[in-house]
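Reader: I have a structure open and I'd like to go through it with you. Can you tell me what each label rests on as we go?

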Amino acid sequence: GRGRDAAVRLPDGVQAIDHVGDVGIEVSAGSLPELFTRAAAGMVALTRAAPARGAGQGAAPLEREVEASAGDVAALLVAWLRELLYLQAAEGFSFASAEFRELGEHRLRARVRGRRAPGRALRELKGVTYHGLDVARQGETWRARVIFDV
């Protein structure tokens, strides 16, 4: 239901989509790097209750290198989010920002920054799916739709 999502504060350009057994986001951005960054921030927002002001600030910043490749830009977005979801599950890494060294339709290399996630997860995402996946450029705007298994 929608009740659990009341604590979620999504980043600009990101909207939640509710489905039975899964949850998703619709993202819009003015550039591909911004689209990938917003999608990652949206994914994190779906899993974490908004921290109390100042909470988690004491956690040491973390940096990780992420590389991914795929057949097209939509599959690349899935690969990117799966890498970040893996870091979250394996290390408690909570994405904050990315610096893309390379980002095209088939490959990306980025330095991601974040912190160890404070507190417990609002919900656990089991995976990033291809179900309903859509990434398209409309004029100057990039739009994406991504569904997650919960």
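Reader: Which strands does helix H1 lie across, and what makes you say that the two touch?

Author: Helix H1 (residues 32-47) lies across E4 and E5, running at about 165 degrees to E4. Contact here means heavy atoms within 4.5 Å. The angle is taken between axes, which are lines fitted to C-alpha atoms, for helices over the stretch in contact, and it runs from 0 to 180 degrees between N-to-C directions. Helices (H or I, at least four residues) and strands (E, at least two) are DSSP runs, numbered from the N terminus. Helix H2 (residues 73-91) lies across E3, E4 and E5, at about 145 degrees to E3.

Reader: Before we go on, what kind of model is this?

Author: This is a predicted model: local features need pLDDT of at least 70, side-chain atom pairs count only at pLDDT 80 or more, and totals for chains, interfaces and linings use all residues. Residues are numbered from 1 along each chain as its sequence is written, and side-chain values use heavy atoms, with hydrogens and water left out.

Reader: What does the pLDDT look like, and where is it under 50?

Author: pLDDT is the predictor's confidence in each residue, from 0 to 100. The protein averages 87, and 85% of the residues score at least 70. Over residues 1-6 the pLDDT stays under 50, and the model has six contacts beyond four places in sequence for them. Residues 51-55 are also below 50, with zero contacts beyond near neighbours in sequence.

Reader: Back to the strands: which ones stand at the edges of the open sheet, and why?

Author: The sheet has three strands in the order E3-E5-E4, with antiparallel pairing. E3 (61-69) and E4 (93-103) each have a single partner strand, so one side of each is left without a neighbour in the sheet. The twist averages 25 degrees from one strand to the next.

Reader: How do you know that E3 and E5 pair?

Author: Two strands pair if DSSP finds at least two bridges between them. E3 and E5 (residues 107-116) have nine bridges, in the antiparallel sense, so they pass that cut-off. Ser 69 stands opposite Arg 107 in E5.

Reader: Why is the pair of Phe 36 and Trp 80 called tilted?

Author: Rings of Phe, Tyr and Trp (its six-membered ring) pair if their centres lie within 6.5 Å; planes under 30 degrees apart count as stacked, over 60 as edge-to-face and the rest as tilted. The Phe 36 and Trp 80 centres are 6.4 Å apart and the planes are at 45 degrees, so the pair is tilted. Phe 36 is in helix H1 and Trp 80 in helix H2, 44 residues apart.

Reader: What makes the pair of Phe 36 and Phe 100 edge-to-face?

Author: Its planes are 90 degrees apart, with 6.4 Å centre to centre. Phe 100 sits in strand E4, 64 residues from Phe 36. Phe 36, Trp 80, Phe 95 and Phe 100 form one aromatic cluster.

Reader: Is Phe 36 buried or exposed, and how do you know?

Author: Buried means under 20% relative accessible area, exposed over 50%, partly exposed in between (1.4 Å probe, protein chains only). Phe 36 is at 0%, so it counts as buried. Trp 80 is at 0% too, so Trp 80 also counts as buried. Ser 94, in strand E4, has 14%, so Ser 94 is buried.

Reader: Why do Arg 145 and Glu 26 count as a salt bridge?

Author: A salt bridge is a side-chain nitrogen of Lys or Arg within 4 Å of a carboxyl oxygen of Asp or Glu. For Arg 145 and Glu 26 the N to O value is 3.4 Å, so the pair meets the definition. Arg 145 lies in strand E8 and Glu 26 in strand E2 (residues 22-29), so the pair ties together parts that are 119 residues apart in sequence. At 26%, Arg 145 counts as partly exposed, and so does Glu 26, at 32%.

Reader: Which salt bridge joins strands E3 and E5?

Author: Glu 67 and Arg 107 meet at 3.4 Å, N to O. Glu 67 is in E3 and Arg 107 in E5, so parts 40 residues apart in sequence are tied together.
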